[in-house]
Structure formats: C-alpha cells, structure tokens
Amino acid sequence: MTFTNNKSGNGGVITLNNELSEVGRLTYTIFPEDKKLIISFVLVHSEFEGRGLGKFLVEEAIKFARENNWNIYPHCSYARAVMKRMSDVQDILLER
C-alpha cells in the first residue's frame, strides 16, 4: 500500500492505493497563517472497509501536519473519533 499526497493551493487529497486501485482518500484544507490543517473527509471504498485503513489515512495526515508544524482540527467525525483514541496526538489536536 502506498500513500500519495496531492496538495493544491490550500487544500489537498491524501490517497491510499494498493497495487491495482485506490483504496481510500482523505481530504484536507490548510490555513498556514493559523498553522492549522483541517481534515474534511475520510473515505475508504466499500470493498476495503473494516480493515482499519481509514486510520492509516488519518495517521498519514498527522505525519504531514507534524512535518509542517501544524495543528489538526478533525472536522470529519471519523477522523475526530480516531484521533481522540490516540494518546500521542494531544499536542496537535484542536477541539474547536
């Protein structure tokens, strides 16, 4: 499985792909003046659901945010639930 981060302007999409196709995607918006990345949406295609792959997308967004010294606001309820269960992201997790 591989990740691709297609950033364009102040937004972008992180895709997770297997050897044959896209498995899922995470969309985000960046507010550089506020040092903030907002996770808008996480999608795992139905044939790949139930394997924890959405969490991998959230973890990739966290890695991207840390590389740029940004905090994360998970607007997506799935991303919010995943991040609240993680003990190592409290330093960058924005509640509102």
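How far apart should the ends of helix 1 lie, given its 15 residues at 1.5 Å a residue? The expected span is 21 Å, and the end C-alpha atoms of helix 1 are 21 Å apart, which agrees. The structure described here is a predicted model, and the paragraphs below treat its sheet, its helices, its aromatic residues and its loops in turn.

The sheet is open and consists of five strands in the order 1-2-3-4-5, with mixed pairing. Strand 1 (2-8) and strand 5 (71-74) stand at the edges with a single partner strand each, so that one side of each is left without a neighbour in the sheet. From one strand to the next, the twist averages 25°. In general, the strands of a sheet pair through backbone hydrogen bonds, in either a parallel or an antiparallel arrangement.

Strand 1 runs antiparallel to strand 2 (residues 11-17), and seven bridges join the two; within this pairing, N5 has I14 of strand 2 as its bridge partner. Strand 2 is also joined to strand 3 by seven bridges, again with the strands running antiparallel, and here G11 stands opposite T29 in strand 3. The connection from strand 2 to strand 3 is a hairpin that passes through four residues. Strand 3 in turn pairs with strand 4 in the antiparallel sense over eight bridges, and in this pairing the bridge partner of G24 is V44 in strand 4.

Within strand 2 lies N17, a residue that counts as buried because its relative accessibility is 18%, where the cut-off for a buried residue is under 20%. The side chain of N17 makes a polar contact with the side chain of T15, at 3.4 Å. When neighbours within four places in sequence are left aside, the residues in contact with N17 are M1, T2, T4, E22 and V23.

Two helices are associated with the sheet. Helix 1 (residues 53-67) lies across strand 1, strand 2, strand 3 (22-31), strand 4 (36-44) and strand 5, and runs at about 160° to strand 4. Helix 2 (residues 77-85) packs on the sheet as well, touching strand 4 and strand 5, and its direction makes about 125° with that of strand 5. The buried residues of helix 1 are L53, G54, L57, V58, A61, I62, F64 and A65. An α-helix has 3.6 residues a turn, so residues three or four places apart point the same way. The cover over the buried residues of helix 1 includes strand 1, strand 2, strand 3, strand 4 and strand 5, together with helix 2.

One of the buried residues of helix 1, F64, also takes part in the aromatic contacts of the model. The structure holds two aromatic pairs. Y28 and F64 form a tilted pair, with 5.4 Å from centre to centre and 55° between the planes. This pair links distant parts of the chain, since Y28 belongs to strand 3 and F64 to helix 1, 36 residues apart. Y28 counts as buried because its relative accessibility is 3%, and F64 counts as buried at 14%. F64 and W70 form an edge-to-face pair, with 5.3 Å from centre to centre and 85° between the planes, and both F64 and W70 are buried. Y28, F64 and W70 thus make up one aromatic cluster.

Positive phi values occur at two loop residues considered here, K35 and N69. K35, although not a glycine, has a positive phi of about 55° and lies in the loop between strand 3 and strand 4; the hairpin formed by these strands has four residues between them. N69, likewise not a glycine, has a positive phi of about 60°. The position of N69 is just after helix 1, in the loop between helix 1 and strand 5. With a relative accessibility of 61%, N69 counts as exposed, whereas N17 in strand 2, at 18%, counts as buried.

Notes. Residues numbered from 1 in each chain as written. Predicted model: local features only at pLDDT ≥ 70, side-chain atom pairs only at ≥ 80, totals over all residues. Heavy atoms only, no water. Pairing = 2+ DSSP bridges. Axes fitted to C-alpha atoms, helices over the stretch in contact; angles between N-to-C directions. Contact = heavy atoms within 4.5 Å. Expected span 1.5 Å × (residues − 1). Buried < 20%, exposed > 50% of the residue type's maximum accessible area, 1.4 Å probe, protein only. Polar contact = N/O pair within 3.5 Å; in protein donor to acceptor, adjacent residues only side chain to side chain. Phe/Tyr/Trp six-rings, centres within 6.5 Å; stacked < 30°, edge-to-face > 60°.
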